[in-house]
Amino acid sequence: MLNYEISEEWARFYVAELVLALDALHSMGYIHRDVKPDNILISSMGHIKLADFGSCVKIGDDGFARCSSAVGTPDYISPKMLEQQGIEGIYGKELDSWSVGITHGHRNNPLMSLVPLFDPLMILYMIHMILMTCG
């Protein structure tokens, strides 16, 4: 195992803590919208700390958030948010769930680890493939 790799057991632990952190945020009435490895910190005690709440949006009384701009890092944005770019989109907590899955999947997929996360051409390709597959 290389220095930056973590075991499956620890990955499960961190994903569970991330889900709990997002659940707490959701129970306060907000959707994070920018869940990504850069915004997931590990405390000195070994627990997850979610960071960067600048992209949060308030959840309405109906359980949904409304916003006309897609925010976040392209690699982790859900297809639903991408499809509704430029129009008022109605989003739920599933936006954060998508990002958790992508974050965890990137860690566990050897092919994904070969793809540079911020390569502009790869980002465009990924957006295209997501929209073609899910749309």
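## Arg33 and Asp52: positive phi outside glycine

Arg33 is buried, with a relative accessible area of 9%. In this predicted model, Arg33 sits in the loop between β1 (30-31) and β2 (40-42). Its backbone stands out. Phi of Arg33 is near 70°, a positive value in a residue that is not glycine. Most residues other than glycine have a negative phi.

Asp52 also has a positive phi, about 60°, and is not a glycine either. The loop that holds Asp52 runs between β3 (48-50) and β4 (57-58). Is Asp52 buried or exposed? Neither label applies, because its relative accessibility is 39% and Asp52 therefore counts as partly exposed. A glycine adds another positive phi: Gly29, just after α1, takes a value of about 95°.

## Lys36 in the β1-β2 loop

Lys36 lies in the loop between β1 and β2. That loop also holds Arg33. Lys36 counts as buried because its relative accessibility is 13%, under the 20% cut-off.

Which residues does Lys36 touch, leaving out those up to four places away in sequence? They are Thr73, Tyr76 and Thr103.

## Overall layout

The protein chain has four helices and six strands. Read from the N terminus, the order of elements is α-β-β-β-β-β-α-β-α-α. Of the 135 residues in the chain, 35% are buried.

Contacts with a separation of 6 or more were also sorted by sequence distance. Residues 24 or more positions apart account for 58% of them. The exposed surface of the chain is about 8300 Å². Carbon and sulfur atoms supply 62% of that area.

## Helix α1

Helix α1 covers residues 8-27, 20 residues in total. From first C-alpha to last, α1 reaches 28 Å. That is close to the 28 Å expected at 1.5 Å a residue.

Which residues of α1 are buried? The set is Ala11, Tyr14, Glu17, Leu18, Leu22, Leu25 and His26. An α-helix has 3.6 residues a turn, so residues three or four places apart point the same way.

## Aromatic rings

How many aromatic pairs does a search of the whole structure find? The count is three. The rings of Trp10 and Phe13 have centres 5.4 Å apart and planes at 85°, so this pair is edge-to-face. Trp10 and Phe13 both belong to helix α1. They are three residues apart, about one turn of the helix.

Trp10 counts as partly exposed, because its relative accessibility is 45%. Phe13 is partly exposed too, with a relative accessible area of 29%. Ring pairs link Trp10, Phe13 and Tyr14 into a cluster. Tyr14 is among the buried residues of α1.

A charge and a ring also meet in this model. The charged end of Lys58 sits over the ring of Tyr30. The distance to the ring centre is 4.8 Å.

## Cysteines

A disulfide is a covalent bond between the sulfur atoms of two cysteines. How many disulfides does a search of the whole structure find? The result is zero.

Cys56 counts as partly exposed, because its relative accessibility is 21%. Cys67 has a relative accessibility of 15% and therefore counts as buried. The cut-off explains the two labels: buried means under 20% relative accessible area.

Definitions and conventions
Residues numbered from 1 in each chain as written. Predicted model: local features only at pLDDT ≥ 70, side-chain atom pairs only at ≥ 80, totals over all residues. Heavy atoms only, no water. Helix = DSSP H or I, 4+ residues; strand = E, 2+ residues; numbered from the N terminus. Buried < 20%, exposed > 50% of the residue type's maximum accessible area, 1.4 Å probe, protein only. Disulfide = S-S within 2.5 Å. Contact = heavy atoms within 4.5 Å. Areas by Shrake-Rupley, 256 points an atom, 1.4 Å probe, with all protein chains shown as cover. Expected span 1.5 Å × (residues − 1). Phe/Tyr/Trp six-rings, centres within 6.5 Å; stacked < 30°, edge-to-face > 60°. Lys NZ or Arg CZ within 6 Å of the ring centre and 35° of its normal.
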